[in-house]
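I'm opening a fresh notebook page for this one. My plan is to start with the surface, then go inside, then check the charged pairs.

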Amino acid sequence: MALDIELFQGESRQLVRTEPLIALLKPAFAAETAPFKGRPRFVLMLRNDPGPDTYEPDTPGTDTYEGDLHLTNLRADFGYIHVAIHMEGRVVYQKPYSVNSLVGPVLARLAREISPEERQWAFRIAGLPSPEDDESAQRLPPVVDGTDDIDVSRSTRLPFGIRPAAEPEIPLLDLAEYGVTLSDTGAPVTVLLGTGVRRSMMEMELSTEIEEGGFLVGRAFRRADDPALHAVIVDEVLPAEHSGASLMHFTFTGDSFRAMSRTLGDRQLVGWYHTHLFQTERTIGLSRTDIDLHRDTFRRPWQVAALINLTSRRRVLTCYASSDDWMAPCPIRNLDDDPDSHRSTHPSLGHH
């Protein structure tokens, strides 16, 4: 199915342009198709997973800055897209993107050509099914053999007992003893990467074909300067076993947690990580599915969701923690730095 993209101008959202999506994107991939002969054939696969609903232009002062326009994605429920380019009888390029990061710069330039003074713009990919149109767009959870659901609130003759486990007391941690001077003191969780963790994240094998993920193991603390806030020290990164994954999807299974628990010992599960196979964005990098997974599974206030954006040469780390009704970015410190002066870990883990 050929996809069109519609551009709307102003707060009244008047339709001003309809363009074939592939034709609009072809110039952006000129460098990737130049080494090959013949006409490129683009195959686009949209993912029905909500992404950011607003595209933010690049930083002022950069060559790609398109001004302070506001560009809203009206179909952010299809937030991600996989681009594959076929030439000379084979796939010469493929990569996943968020829809906003892919079409946002192109539409920002087009909007500037149409009306340089206009600030309010919106777009949508036309012809996409709504949830009411096609229930098959929903992603079902994986089926696991050998399990059963038990409603412990209603069952009265269970052959076993279940009661809530007492929460262990969370000790205090004086971040000043680690030489950490925090500028973002209001973050719900401060993440300290223990000895060798940054190197482990940089050197561990990660697929460039499918998303990967696993667990963050370490210790949780309340901050001595503000016990309502937390800090975690990540001691080890454990790749998940028995996980499900695809190019734009990662899922833990019950067997993933059982395998992890055998190696946990006295340590705590302080969070999880997974990869995205595209560059970071200025808005929150987690998809709606990622956020739902975190809130349903990692419910401790000090548990974090770490995201590694993986490109051909770089790995960029960001961490988030639950904060009211959203996911707040967490400051990250690397304890491998000079112990007398811990520096803020640059989001980039480095080149590989």
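How much area does the chain expose, and what share of it do carbon and sulfur atoms supply? I got about 19,400 Å² for the exposed area, with carbon and sulfur atoms supplying 48% of it. I should keep in mind that this is a predicted model.

Next, the overall build. I counted 6 helices and 20 strands in the chain. Of its 352 residues, 45% are buried. I also looked at contacts between residues at least 6 apart in sequence, and 71% of these join residues at least 24 apart.

Then the inside. The largest nonpolar core has 32 residues, and Phe 29 and Val 103 have the most contacts inside it. Several elements give two or more residues to this core, including strand 1 (4-9), helix 1 (21-25) and strand 8 (120-125). Helix 3 gives the most, with 8 residues. I followed Phe 29 further: among the residues it touches are Phe 42, Val 83, Tyr 93 and Leu 102. Apart from this core I found another, of 26 residues, with Val 197 and Met 204 among them.

Last, the charged pairs. My count came to 9 salt bridges. In one of them, Arg 223 pairs with Asp 225, with the closest N and O atoms 2.8 Å apart. Is each partner buried or exposed? Arg 223 counts as buried because its relative accessibility is 1%, while Asp 225 is exposed, at 55%. Another salt bridge joins Asp 255 and Arg 258, at 2.3 Å from N to O. Both sit in helix 5 (residues 254-261), 3 residues apart, about one turn of the helix. Asp 255 is partly exposed at 35%, and so is Arg 258 at 47%.

How values were computed: Residues numbered from 1 in each chain as written. Predicted model: local features only at pLDDT ≥ 70, side-chain atom pairs only at ≥ 80, totals over all residues. Heavy atoms only, no water. Helix = DSSP H or I, 4+ residues; strand = E, 2+ residues; numbered from the N terminus. Buried < 20%, exposed > 50% of the residue type's maximum accessible area, 1.4 Å probe, protein only. Contact = heavy atoms within 4.5 Å. Areas by Shrake-Rupley, 256 points an atom, 1.4 Å probe, with all protein chains shown as cover. Core = buried A, V, L, I, M, F, W, Y, C linked by side-chain atoms within 4.5 Å. Salt bridge = Lys/Arg side-chain N within 4 Å of Asp/Glu carboxyl O. Lists of a residue's contacts leave out its neighbours within four places in sequence.
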